[in-house]
Amino acid sequence: MGMNAPVITDVQALEIIDNRGRPTIRARVYTDTGHCGRADVPCGSSTGSYEAFDLRDGDNRYGGRGVHKAIANIHGELRPALVGHDVTVQRQIDHLMVELDGTKNKSRLGGNAILAVSMAAAQAAAAALDMPLYRYLSTDGHVLAVPQACLINGGLHAGNELDAQEFCVMPVGSPTMEEATRLVCEVFETLKGLLERKHGKLSTNFGEDGGFAPPLSSSREAMDLLLEAVEKSGYVKDVVYGLDIAATPLYDTTTGRYRFDGRQRTPDEMIVAMQELVREYPLIVSIEDPMQQDDLDGWKTVVDSLPGVLIVGDDLTATNVERLRLAIGAGAMNALLCKVNQIGTVTEAMDAARFSQRNRCPVVMSVRSGETEDDILSDISVALNAGVFKIGGPHGGDRSTNFNRFLEIEAELGPVARYAGCDYAQLA
Ligand code: PGA
Ligand code: ZN
């Protein structure tokens with residue numbers, strides 16, 4: 001910006017709670033134009049070891065999960081460094097915070113502290129320039145991603161015996177985000193009825209992703225229920241399926257075995273299990289974290305043996321360009337899961353996504369299991385023209401918030417809006 005660029009006048013942070021009743025950070029960035037940007041930091045539970053450091057107090061408040069230290073770092077270090085800074089140069093702001101932290105994984109100031117300010121600064125700049133955030137972040141963002149909606153939860157996200165973490169529907173045949181949203185919610189309702197009939201009322205309790213957490217114990221049972229719910233809802237031609245195996249927490253490093261679908265499996269048997277799932281359910285078009293995060297050879301075998309299926313790196317890559325370069329170089333993935341808090345700034349998350357897209361690995365934007373009502377990820381998804389957005393199930397305000405922001409953006413873009421639909425893997 002030129003001489004009259006809006007300037008940061010204050011940065012304020014507050015400890016709030018997320019959808020699990022755990023503390024997180026809400027930050028506000030104020031500008032001399034009288035504007036303010038606000039952002040909340042999400043948090044995972046099946047976190048990979050390559051993620052940015054989530055700084056927690058470790059004292060007796062909230063079981064050690066308080067964020068007072070991270071907030072003190074915002075007020076004590078980030079605020080003085082940023083006050084007076086042009087708010088419209090996101091890359092410089094993020095770079096400055098990364099340099100000030102000085103560690104590789106943001107462990108000094110906290111990835112959560114830095115991300116809070118990074119996102120709030122982006123919101124403040126967009127407000128000061130009177131632009132929607134997706135437009136501020138990119139001049140050509142116009143794609144509404146296919147919502148990959150997790151309707152059945154397992155793994156660390158549910159109190160059931162399902163080993164795989166997420167069983168998702170992807171409404172690729174819908175013409176618009178509006179129709180895709182309706183489809184997801186109608187299938188969700190149908191599934192609720194099916195679960196109640198087949199497994200009793202208790203099976204309609206919710207998991208951490210806003211989907212159901214029924215007492216199932218195999219991927220096949222979960223897939224059969226999804227297929228039946230889609231069929232009963234009348235959407236057979238419009239839906240494909242995505243899984244998040246989240247294999248890292250299923251892997252026991254001492255025995256070298258995975259616990260998956262009721263059995264202990266060697267890495268080779270795990271690969272076969274993935275191949276069999278796709279053979280049995282050919283509408284599975286995406287599998288995330290099929291193998292643990294350090295088995296690049298295993299990942300490559302999965303990629304090579306399942307042509308046409310997105311093999312999505314989450315814990316594998318942690319939205320980190322260095323990890324991404326390694327994984328792509330090894331042929332170990334063909335799609336990137338992009339979670340902003342894995343890396344800790346808006347700029348670095350978007351850089352990772354764009355690096356991935358340039359290397360013909362489409363981007364799946366993703367929420368975390370721990371979320372708030374913040375909807376910033378929808379704007380970032382549109383800015384990146386991402387083809388898929390892992391959005392959770394439609395239960396709870398933490399989940400509806402991104403559906404609703406997408407609906408708002410679609411309406412605002414009007415004829416320029418393009419729903420990714422069947423092109424979800426070919427965009428950008
Ligand atoms: P998390 O799960 O947010 O608990 O890490 C989401 C995922 O694994 O994709
Ligand atoms: Zn995952």
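This report walks through a zinc site, a bound ligand and several single residues in a predicted model.

**The zinc site**

Start with the metal. The zinc ion (ligand 2) is held by three residues: Asp244, Glu288 and Asp314. Asp244 and Asp314 each bind through OD, and Glu288 binds through OE. The coordination distances run from 2.0 to 2.2 Å. Along the sequence, the donors follow the spacing D-x43-E-x25-D. Glutamate 288 belongs to strand β11, residues 284-288, while aspartate 314 sits in the loop between β12 (310-313) and α9 (321-329), so this pair ties together parts that are 26 residues apart in sequence.

How accessible are these two donors? Glutamate 288 has a relative accessibility of 2%, so it counts as buried. Aspartate 314 also has a relative accessible area of 2%. That value is under the 20% cut-off, and aspartate 314 is therefore buried.

**Ligand 1**

Where does ligand 1 sit? Its place is the largest cavity. There are 14 residues around ligand 1. Those that come nearest are Ser45, His157, Arg368, Ser369 and Lys390. Side chains also reach oxygen atoms of ligand 1, and the table lists three such pairs.

| Residue | Side-chain atom | Partner | Distance |
|---|---|---|---|
| Glutamine 165 | polar atom | oxygen atom of ligand 1 | 2.8 Å |
| Arginine 368 | polar atom | oxygen atom of ligand 1 | 2.6 Å |
| Lysine 390 | N or O atom | oxygen atom of ligand 1 | 2.6 Å |

How much of ligand 1 does the protein cover? On its own, ligand 1 has 280 Å² of accessible area, and the protein covers 99% of that.

**Serine 233**

Next comes a residue in a helix. Serine 233 is part of helix α6, which spans residues 219-233. Its relative accessibility is 17%, so serine 233 counts as buried. The serine 233 side chain has two partners to look at here. One is the side chain of threonine 190, met in a polar contact at 2.8 Å. The other is the backbone oxygen of alanine 229, reached at 2.6 Å.

**Two aspartates with positive phi**

Most residues other than glycine have a negative phi. Two aspartates are worth checking against that background. Aspartate 130 has a phi near 55°, a positive value. Its place is the loop between α3 (111-128) and α4 (133-137). Aspartate 289 has a phi near 40°, again positive. It lies in the loop between β11 and α8 (296-305).

Is each of these aspartates buried or exposed? Aspartate 130 has a relative accessibility of 70%, so it counts as exposed. Aspartate 289 has a relative accessible area of 1%, and it is therefore buried.

**Glutamate 322**

The last stop is helix α9, where glutamate 322 is found. Glutamate 322 has a relative accessible area of 52%. Exposed means over 50%, so glutamate 322 is exposed. How far is glutamate 322 from alanine 352 in space? The two residues are 30 residues apart along the chain, and their C-alpha atoms are separated by 8.9 Å.

**In brief**

Zinc is coordinated by two aspartates and a glutamate, Asp244, Asp314 and Glu288. Ligand 1 occupies the largest cavity, with 99% of its accessible area covered by the protein. Among the single residues, serine 233 is buried, aspartate 289 is buried, aspartate 130 is exposed and glutamate 322 is exposed.

Definitions and conventions: Residues are numbered from 1 along each chain as its sequence is written. Chains are lettered from A and ligands numbered from 1 in the order in which they are written. This is a predicted model: local features need pLDDT of at least 70, side-chain atom pairs count only at pLDDT 80 or more; totals for chains, interfaces and linings use all residues. Side-chain values use heavy atoms; hydrogens and water are left out. Donors are N, O and S atoms within 2.8 Å of the metal (3.2 Å for Na, K and Ca); water is not among the atoms, so sites may look incomplete. Helices (H or I, at least four residues) and strands (E, at least two) are DSSP runs, numbered from the N terminus. Buried means under 20% relative accessible area, exposed over 50%, partly exposed in between (1.4 Å probe, protein chains only). A residue is near a molecule or strand if one of its heavy atoms lies within 4 Å of it. A polar contact is a pair of N or O atoms within 3.5 Å; within protein, one must be able to donate a hydrogen and the other to accept it, and residues adjacent in sequence count only if both atoms are side-chain atoms. Accessible areas come from the Shrake-Rupley method with a 1.4 Å probe; for residues, only the protein chains shown count as cover. On a 1 Å grid over the protein atoms alone, a cavity is a set of points where a 1.4 Å probe fits but cannot get out, and a pocket is an open set with protein on both sides within 12 Å along at least five of seven lines; lining residues have an atom within 4 Å of a point. A molecule sits in a cavity or pocket if more than half of its atoms lie within 2 Å of its grid points.
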